[in-house]
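Me: Please take a close look at the aromatic rings in this structure and at what surrounds the metal. I would like one connected explanation.

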Amino acid sequence: MSDRLFIFDTTLRDGEQVPGCQLNTVEKIQVAKQLEILGVDVIEAGFPISSPGDFNSVIEISKAVTWPTICALTRAVEKDIDVAADALKYAKRKRIHTGIGTSESHIRYKFNSTPEEIIERAVAAVKYAKRYVEDVEFYAEDAGRTDNEYLARVVEAVVKAGATVVNIPDTTGFRIPNEYGEKIKYLMEHVDDLSAGKAILSTHCHNDLGMATANTIAGAINGARQVEVTINGIGERAGNTSLEEIAMIFKTHPDLGIETNINTTKIYQTSRMVSSLMNMPVQPNKAIVGKNAFAHSSGIHQDGVLKNVKTYEIMDPKEVGIDDNAIVLTARSGRAALKHRLHVLGVEMEGEKLDRTYQEFLKLADKKKEVNDDDILVLAGADRAVSHSVKLDFLQVTSGLGTRPVASIGLDIAGEKFEAAASGNGPVDAAIKALKVIIKREMTLKEFTIQAINKGSDDVAKVHMQVEYDGSVYYGFGAGTDIVTASVEAYIDCINKFRK
Ligand code: KIV
Ligand code: ZN
């Protein structure tokens, strides 16, 4: 009999902290419903006191989702806990996730406190949260760098106060797998209430040194029974442990005696949905969900795979939901076919929004013979630009060998029309200079990446940009078969963000 490992997904809380990846409530509900289909046990839906948007998202996700536990984050502060409890009022299963820093530097510099006082505050927060909900998780922030003996005292105290789960975050991603595994083992051996089954330990590993997955596996092997993960491993800095890696590691290694509830065939579509909604590309060589994860390009590999797939493949791509025979839509596909494909990709669309997306789909299908899943997700996301106050009206660019590129641009700013022209070092430079003639602000392009979705000169390109304005960096996205227009759309997306 295998041990059940609970999957706690924090894509919508820790994952969403990535600058530029913020989702609106409707998009968060879409992700939460997909996480339910995927089979996660706990969805961390937000940090309700942090903003009215987060508060509202926790409420709406609680209403939309049926069986996973909905969790809300708080600091060890009564007001945070009151607000989290209020946000969770519609959840069928609810959990408050409260906590405080326990490492020497957190105690001394962040809280100007003492180890004993921190334990008192931790216990008080857990007891206070217990007034509202039965299921209380406590996090010992920076547990990775907290002395094990002291950490065991913290864990013992919060479990006695009623915590059902204790989270041991490697907040800075500093630990190496044997150290993190040892930490979990130490706690399992030194806190009697853990071995007595009164609470479980949870891992929460960050990927600063590329060891989040390895540390999480070490934690689970040494007794943790919950793991905190995100789709595609997204999260601040180098990200969090990725859900898909954990699910597939335990699936391909039944000898470890640990199983999860994840329906792995839903992994790929969930990964694509999150990437598309957050405008966060998945690196091609990303384990499990990267574009190249199952592509065998070397001659030796191809020969082996053709003779027997097991020669080089340790997983069947179908197990993670990658289907080579996936239907490709063309200009002859109807609205119903598009609606169905969107549904398969986890996007529910009806009425006017579907009509608009279908019109965009037909335009794209005219330019490109086959429209694939990534294209469709880009089209589904493009609808977000409808609410922008700055819109691209037209763009004309002349460039080529022996000429200085020139661009003329038309913008619609809250219904008013503006036009300008400029020349530049290249077509994108010319177009952005023309744009700046209209938008007279001190803006600096910090990063600019163009990524082709598939292959072929007719492919859709995704453009990601970062623009600095007034001391902050804004992230923008554009997509289309014309890379100059897609680049200008990405720049305008940034402008719309700082105009808010
Ligand atoms: O990384 C961390 O320590 C966290 C806690 C707030 C759980 O995200
Ligand atoms: Zn974290």
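Reply: The rings come before the metal site in what follows. The model is a predicted one, and it holds two aromatic pairs.

One pair is formed by Y128 and Y132, with ring centres 6.0 Å apart. Their planes stand at 80°, so this pair is edge-to-face, the word used for angles over 60 degrees. Y128 is buried, at a relative accessible area of 10%, while Y132 is partly exposed, at 41%.

The other pair joins Y358 and F361, whose ring centres are 5.7 Å apart. Here the planes meet at 25°, so the pair counts as stacked, the limit for that being under 30 degrees. Both residues belong to helix α14, which covers residues 351-367. They are three residues apart, about one turn of the helix. Y358 and F361 are both buried.

A ring can also face a charge. The charged end of K63 sits over the ring of Y90, at 4.8 Å from the ring centre.

Now the metal. The zinc ion (ligand 2) is coordinated by D14 through OD and by H204 and H206 through NE2, at 2.0 to 2.2 Å. Along the sequence these donor residues follow the spacing D-x189-H-x1-H. D14 is in the loop between β2 (6-9) and α1 (25-38), and H206 is in the loop between β8 (200-205) and α9 (212-221). The pair therefore ties together parts that are 192 residues apart in sequence. D14 and H206 are both buried.

Terms used:
Residues are numbered from 1 along each chain as its sequence is written. Chains are lettered from A and ligands numbered from 1 in the order in which they are written. This is a predicted model: local features need pLDDT of at least 70, side-chain atom pairs count only at pLDDT 80 or more; totals for chains, interfaces and linings use all residues. Side-chain values use heavy atoms; hydrogens and water are left out. Rings of Phe, Tyr and Trp (its six-membered ring) pair if their centres lie within 6.5 Å; planes under 30 degrees apart count as stacked, over 60 as edge-to-face and the rest as tilted. Buried means under 20% relative accessible area, exposed over 50%, partly exposed in between (1.4 Å probe, protein chains only). Helices (H or I, at least four residues) and strands (E, at least two) are DSSP runs, numbered from the N terminus. A charge sits over a ring if NZ of Lys or CZ of Arg is within 6 Å of the ring centre and within 35 degrees of the ring normal. Donors are N, O and S atoms within 2.8 Å of the metal (3.2 Å for Na, K and Ca); water is not among the atoms, so sites may look incomplete.
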